[in-house]
Amino acid sequence: GACGQPCVEPGANMVAECVVGSSFTPACETRCADGFVDVDWFVANGCECERWDGEGPPPTLGGDSNCDGVVDDPDEFIYVTTGGNDADPGTLLRPLRTLQVAIARGGEVGKDVLVASGIYDGPVDVTGSVDVAGGYRPDFRDRDPDRYPVFLERRGAPGQPVLRCTQISASTLINGVTIVGSDATTPGEGSTAAYIDRCSGLELSHVTVVAG
C-alpha cells in the first residue's frame with residue numbers, strides 16, 4: 001500500500017493481499033487460507049481451526065473439525081489404540097485394542113475405524129464399507145501417518161497374509177498404514193503381505209507394503 005508498510009499475514013494459516021479498491025486506494029486485506037477458519041476471532045493465533053470437509057479421515061478428533069466453535073461429538077467412529085481393551089465399546093475414551101475386533105464392530109454399527117500409532121497383530125480381514133484410517137496420535141488430537149505410524153504384522157504365521165480382502169464391491173478405504181510381511185521359514189514357501197481377491201471397491205491410500 002505504501003513504502004514501509006508491507007502487506008504481510010498477521011497470523012498463521014492466513015493470506016495477505018494488496019488490493020486496489022474503486023477509489024484507487026490500495027489496502028492490505030487478509031483472509032484465512034483455504035480450509036482454515038478463525039473461530040475465536042483472535043488475530044494473534046491466526047486461523048487456528050482446520051476444517052474437515054467430511055471426506056476421508058478427519059485431521060483431529062475431540063476438537064472442532066467442522067470449525068463451528070462447538071466441540072465435536074466423537075461418537076461417529078470406532079477407535080483403536082495399543083492401550084485399548086476389546087471389552088470396551090470402542091469410543092474415544094474407551095478404545096478397543098485389536099484392529100480386527102474394531103472392524104467387526106464397525107461393520108455391525110455402520111462406523112469407520114480410526115487407529116492410533118503402534119503395532120497391531122493380524123490377520124486383518126477387510127469388511128466392505130468399513131474404512132480404516134491410521135496415523136493418529138494416541139489421544140486422536142492430531143493425525144500425521146509419518147509421525148504416528150501404524151504397523152500391521154502377523155506373528156506366529158510365517159509368510160501368511162497380514163491383510164486379507166475377498167469379494168468386496170462396496171467402496172472401502174484403507175488409509176495410512178504399513179503392512180509388514182513376515183519371512184517364510186520353509187524353502188519354496190511363499191510370503192504374502194496383502195492378499196486381495198476380487199475387491200473392486202477397495203482403495204489403498206498412503207499404504208506401505210513391506211515384503212518378507
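**Exercise 1.** Determine whether C165 and C199 are buried or exposed in this predicted model, and characterise the link between the two residues.

*Solution.* Step 1: C165 and C199 are both buried, the cut-off being a relative accessible area under 20%. Step 2: the sulfur atoms of C165 and C199 lie 2.1 Å apart and form a disulfide. Step 3: the torsion about this S-S bond is -120°, and the link is left-handed. Step 4: C165 belongs to strand β11 (residues 163-166), while C199 sits in the loop between β13 (194-197) and β14 (202-210); the pair thus connects distant parts of the chain, 34 residues apart.

**Exercise 2.** Establish the handedness of the disulfide between C7 and C28, and state which parts of the chain the pair ties together.

*Solution.* Step 1: the S to S distance between C7 and C28 is 2.1 Å. Step 2: the disulfide is right-handed, because the torsion about its S-S bond is about 80°. Step 3: C7 lies in the segment before β1 (14-20) and C28 in strand β2 (residues 26-32), so the parts tied together are 21 residues apart in sequence. Step 4: C7 is partly exposed at 26% relative accessible area, and C28 is likewise partly exposed, at 40%.

**Exercise 3.** Explain why C18 is not bonded to C7.

*Solution.* Step 1: the closest cysteine sulfur to that of C18 is in C7, at 5.5 Å. Step 2: a disulfide requires sulfur atoms within 2.5 Å, so the separation of C18 and C7 is too far for a bond. Step 3: C18 has 48% relative accessibility and counts as partly exposed.

**Exercise 4.** Describe the disulfide of C32 and C47, then place F36 in relation to C47.

*Solution.* Step 1: the sulfur atoms of C32 and C47 are 2.0 Å apart and form a disulfide. Step 2: the torsion of -85° about the S-S bond goes with a left-handed link. Step 3: C32 is in strand β2 and C47 in the loop between β3 and β4 (49-50), so the pair ties together parts 15 residues apart in sequence. Step 4: C32 is partly exposed, with 22% relative accessible area, whereas C47 is buried at 0%. Step 5: F36, found in strand β3 (residues 36-37), is in contact with C47; beyond its neighbours within four places in sequence, its contacts also include N13, C49 and E50.

**Exercise 5.** Compare the radius of gyration of the chain with that of a compact globule of 212 residues.

*Solution.* Step 1: such a globule would have a radius near 17 Å, but the chain has 22 Å. Step 2: the C-alpha atoms fill a box of roughly 80 × 35 × 30 Å along the principal axes.

Methods:
Residues are numbered from 1 along each chain as its sequence is written. This is a predicted model: local features need pLDDT of at least 70, side-chain atom pairs count only at pLDDT 80 or more; totals for chains, interfaces and linings use all residues. Side-chain values use heavy atoms; hydrogens and water are left out. Helices (H or I, at least four residues) and strands (E, at least two) are DSSP runs, numbered from the N terminus. Contact means heavy atoms within 4.5 Å. The radius of gyration is taken over C-alpha atoms; the globule rule is 2.2 Å times the number of residues to the power 0.38. Buried means under 20% relative accessible area, exposed over 50%, partly exposed in between (1.4 Å probe, protein chains only).
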